Amino acid sequence: MALGLSVIFGMLRIVNFAHGAMFMLGAFVAYYGFQLVHMPFYAAIIVAPLIVAAFGLAIEVLFLRRLYRLDPLYGLLFTFALVLIIEDSMRLVAGSVGSPYETPAGLDFAVNIGFALFPAYRLFAIGFAMVVCLVVWLILERTPLGARIRAATEAPVLVRALGIDTQLLVSLTFAAGVALAALGGVLAAPIQNVEPTMGDKIIINTFAIVVIGGLGSIGGSVITGFALGLLQTLGAVIFPAFNDTLIFMLMIIVLLIRPSGLFGAPASAK
Amino acid sequence: MTAALFGTRRGAIVAAVLLLIALALPKLVYPVLAIDIIAYGLFAVAFDLLLGFTGLLSFGHAMFWGGAGYVATILIAKANVPFPLAVILAIAYAAVLALIVGAIAIRRQGIYFAMITLALAQLQYFFAYQLGGWTGGENGVQLSSRGTLFGIALENDIAFYYAVLAVAALGTYLVVRVVRSPFGAVLGAMRENEQRAIALGFRVDRYKLIAFVMSGTLAGVAGVLFAVGNRLSGLDGVDWHTSGKVVMMSILGGIGTVFGPIAGAGIFESLDFFVSKTAIGDKTNIVMGTIFALCVLLFRRGIIGELLADRTKRAKT
C-alpha cells in the first residue's frame with residue numbers, strides 16, 4: 001500500500017487519495033470474481049490488480065493528466081473526489097454491509113510459530129507482500145526501466161529531450177502504483193471483510209507511514225510500513241485501546257525531530 | 001484577487017445578494033437546514049482564510065469544528081456547565097488545539113501540510129471514538145435543549161437561525177477585516193512567494209501560525225453553532241469526510257473570495273439535501289464528488305470566483 005503511494009507520489013508528484021479506493025476495488029474484484037465465475041484466489045491475485053490498474057490508467061489518461069502542470073494540491077483534491085464517487089458507487093452496488101471472502105484453499109490452517117498459533121494465510125500474505133516490495137525495489141533500482149522512471153521524475157524535460165516518452169512512463173507508473181494498491185486489497189480480502197469503506201481505514205495510516213518514512217523514498221516507506229505493522233501488533237497486546245493512535249503519535253515525534261521523514265532527503269521543495 | 005472583494009461593484013452586488021438570500025433562507029428551506037448552511041458557511045469562510053488567503057490546505061479542519069462541538073455539548077449535557085460558559089470553553093478548546101496542531105503542521109508545506117493536518121485530525125477522531133464514556137461513541141452527545149442566550153430562548157428554530165446568522169456575519173466581517181489589513185497583505189505575500197516574504201524580513205512561521213489559530217478558532221465557533229443547532233455532536237463531525245466537505249464547499253464557491261465559500265456551503269448543503277430525497281438516497285457523494293471533480297478540472301476559481309473574475313483575465317488563464 002504505502003509502496004504504491006510512494007511510487008506514485010515520487011514519480012508524479014500527485015498524492016493519490018484514491019489509493020484506498022483502489023485497494024477496496026481490488027478486494028471487490030476478487031470477491032465478485034469468486035461469486036460470479038468462481039475465480040480462485042490465486043487467479044484473483046493476478047487478475048484483480050490488472051483490472052483495477054486498467055481502471056486507474058483510464059482515470060490517469062482522461063483526467064489526472066490535465067492536472068500535472070498545476071499545484072499538486074489539485075491532484076490531491078481530484079483524487080479525493082474520486083474516493084467519494086467510487087466509495088458511494090460501491091455502496092450503491094454492494095450495500096454498506098461487509099461480505100466475507102473465504103480463506104484460499106491450502107492456507108486455511110494455523111501454524112505454531114513458537115509462542116502462539118498464527119493463521120497460515122497471514123504468514124503467506126506477509127511473505128507475498130515482502131516479495132512484491134523487493135521486486136518493485138529491484139525494478140526501480142536495478143533495471144534500465146527503473147532508471148528511466150527515476151530519471152523522468154528528477155528531470156522530465158531532459159529525459160524527454162533524450163527521446164524517451166515520459167508521458168508513457170508516467171502513465172505506466174501510475175497504473176503500476178494502482179495495481180500494487182489493488183494487490184494489497186486482494187491480499188487483505190480474506191483477513192478482513194470486503195466492504196466499501198475498507199480503504200478508508202488504511203489510507204490515513206498509509207499517509208502517516210509515508211510521512212514518517214519520507215515521501216518518494218521507496219525503501220523508507222517499506223521499512224517504515226513493516227516496522228509500524230510490527231509496532232501495531234505489539235501495541236494491540238500492550239495497550240489495545242489506543243493502538244490506533246500509536247502511529248500518529250510516532251508521526252508527530254518524527255516530524256518534530258526530523259521534519260523530512262526518517263528516510264526522506266531533507267529537501268526544502270514542496 | 002483580494003481587491004476584488006468589496007472594491008468592485010460586482011463584489012458588492014454578490015455580497016448583497018448573498019445577504020438577502022441568507023435573510024430569507026428560513027422561508028426557502030427547512031429552518032434546521034438553514035442553520036446547517038450558515039454554520040457550514042462560517043466553517044468554509046474560516047477554512048478559506050487559510051487556503052485562499054494564506055495558501056495552506058488543511059485537510060483536518062473537522063478537528064476544530066467537531067472538537068469544539070463535542071466540548072460544548074459534553075459540558076452542557078454531562079457537566080451542567082451554563083450555556084455561555086460552555087460555548088466560550090469550547091471555542092477556547094478549538095483555539096488551543098489549533099495552536100498545537102498549527103505548531104506541528106507548519107513545519108511542512110503544501111501536500112505534506114495537508115497530510116499532517118489530516119493525520120492529526122484522525123488522532124482526535126480515535127480519541128473521540130475510544131472515549132465513548134464522554135463522547136457517546138457512535139451515538140454522540142445529545143442536548144435536551146439549546147438553552148438561552150441573553151434571556152432569549154433558542155428553542156425556536158427561526159430565532160436560533162437569526163442568532164446563528166448574526167454570529168456568522170460577525171465572523172465573516174472579521175475575516176474580511178483581517179484579509180484587508182496589513183496582516184492579511186503579509187499572508188497574501190507568503191502565499192504568492194514564501195521565499196520573498198522571508199527575504200523581506202517577515203517571520204512567516206509566526207504569521208502562518210496566527211492565521212492557522214484564527215482559522216481553527218473560527219471553525220470551532222461554527223462547529224459549536226452546528227452542534228447546538230442540531231442538539232447533537234457525533235463522530236461524523238470529527239471524521240475526515242467532514243474535513244473534505246469544507247474543502248469542497250470552499251473550492252466550489254471559490255477560494256480567496258470570502259463570500260464564495262458561503263455560497264459554496266449553501267449550494268453544497270441544499271444540493272446534498274435534495275439529492276438525498278432521490279433514488280440515490282444517502283449515497284449523495286456520487287453526485288457531490290462528481291460536481292467537485294468537474295470543479296477541480298474545469299473551473300478552479302469556483303462559482304463566485306468565476307463571477308468576480310475579470311472577463312479579459314479569464315480569457316488568458
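This tour goes through a predicted model, one selection at a time.

**Chain B as a whole**

Begin by selecting chain B and showing it as a cartoon, where you should be able to trace 16 helices and 4 strands. The radius of gyration of chain B is 19 Å, close to the 20 Å that the globule rule gives for 317 residues, so chain B is as compact as a globular protein of that length. If you turn the chain along its principal axes, its C-alpha atoms fill a box of roughly 55 × 40 × 40 Å. Of the 317 residues in chain B, 51% are buried, and among the contacts in this chain with a separation of 6 or more, 77% are between residues 24 or more positions apart.

**Two helices within chain B**

Next, select residues 62-79 of chain B, which form helix 3, together with residues 240-253, which form helix 12. How far apart are the axes of these two helices, and at what angle do they pack? Their axes are 8 Å apart and the angle is about 120°, and that makes helix 3 of chain B oblique to helix 12 of chain B. To see where they touch, show the side chains of B:Ala62, B:Trp65 and B:Gly66 on helix 3, and then those of B:Trp240, B:Thr242 and B:Ser243 on helix 12. The residues of this contact divide into 3 nonpolar, 3 polar and no charged.

**The nonpolar core**

Now bring both chains into view and look for the largest nonpolar core, which has 174 residues. The residues with the most contacts inside this core include A:Ala27 and A:Ala182 from chain A, and B:Leu42, B:Phe43 and B:Ala222 from chain B. Select residues 31-54 of chain B as well, since this is helix 2, which gives the most to the core, with 16 residues. Then centre the view on B:Ala222, which touches B:Ala39, B:Leu42, B:Phe43, B:Ala46 and B:Trp65, leaving aside residues up to four places away in sequence.

**Where the chains meet**

Colour the two chains separately and turn to the contact between them, which takes 33 residues from chain A and 34 residues from chain B. On the side of chain A that touches chain B, the elements that give two or more residues are helix 4 (72-94), helix 9 (198-213) and helix 11 (243-257). Which helix of chain A gives the largest share of that side? The largest share, 16 residues, comes from helix 4 of chain A. By class, this side of chain A has 25 nonpolar, 2 polar and 6 charged residues.

Keep helix 4 of chain A selected and add helix 5 of chain B, residues 110-130, because the axes of these two helices come within 8 Å and cross at roughly 40°, and the helices are therefore oblique to each other. Here A:Pro72, A:Leu73 and A:Leu76 meet B:Gly110, B:Ile111 and B:Ala114, and the residues of this contact divide into 5 nonpolar, 1 polar and no charged.

**Two single residues in chain A**

Finally, select A:Asn193, in the loop between helix 8 (166-188) and helix 9 of chain A. With 15 C-beta neighbours inside 10 Å, A:Asn193 counts as partly exposed. Although A:Asn193 and A:Ser99 are 94 residues apart along the chain, their C-alpha atoms are separated by 5.5 Å.

The last stop is A:Val135, in helix 5 (residues 120-142) of chain A. Is A:Val135 buried or exposed? With 10 C-beta neighbours inside 10 Å, A:Val135 counts as exposed. From A:Val135 to A:Arg148, which are 13 residues apart in sequence, the C-alpha to C-alpha distance is 17 Å.

How values were computed. Residues are numbered from 1 along each chain as its sequence is written. Chains are lettered from A and ligands numbered from 1 in the order in which they are written. This is a predicted model: local features need pLDDT of at least 70, side-chain atom pairs count only at pLDDT 80 or more; totals for chains, interfaces and linings use all residues. The radius of gyration is taken over C-alpha atoms; the globule rule is 2.2 Å times the number of residues to the power 0.38. A residue is buried if 20 or more other C-beta atoms lie within 10 Å of its own, exposed if 12 or fewer, and partly exposed in between; C-beta atoms are placed from the backbone. Two residues are in contact if their C-beta atoms, placed from the backbone, lie within 7 Å. Axes are lines fitted to C-alpha atoms, for helices over the stretch in contact, and angles run from 0 to 180 degrees between N-to-C directions. Angles under 35 degrees count as roughly parallel, over 145 as roughly antiparallel, 65 to 115 as roughly perpendicular and the rest as oblique. Ala, Val, Leu, Ile, Met, Phe, Trp, Tyr, Cys and Pro count as nonpolar, Asp, Glu, Lys and Arg as charged, and the others, Gly among them, as polar. A nonpolar core is a set of buried Ala, Val, Leu, Ile, Met, Phe, Trp, Tyr and Cys residues joined through C-beta atoms within 7 Å.
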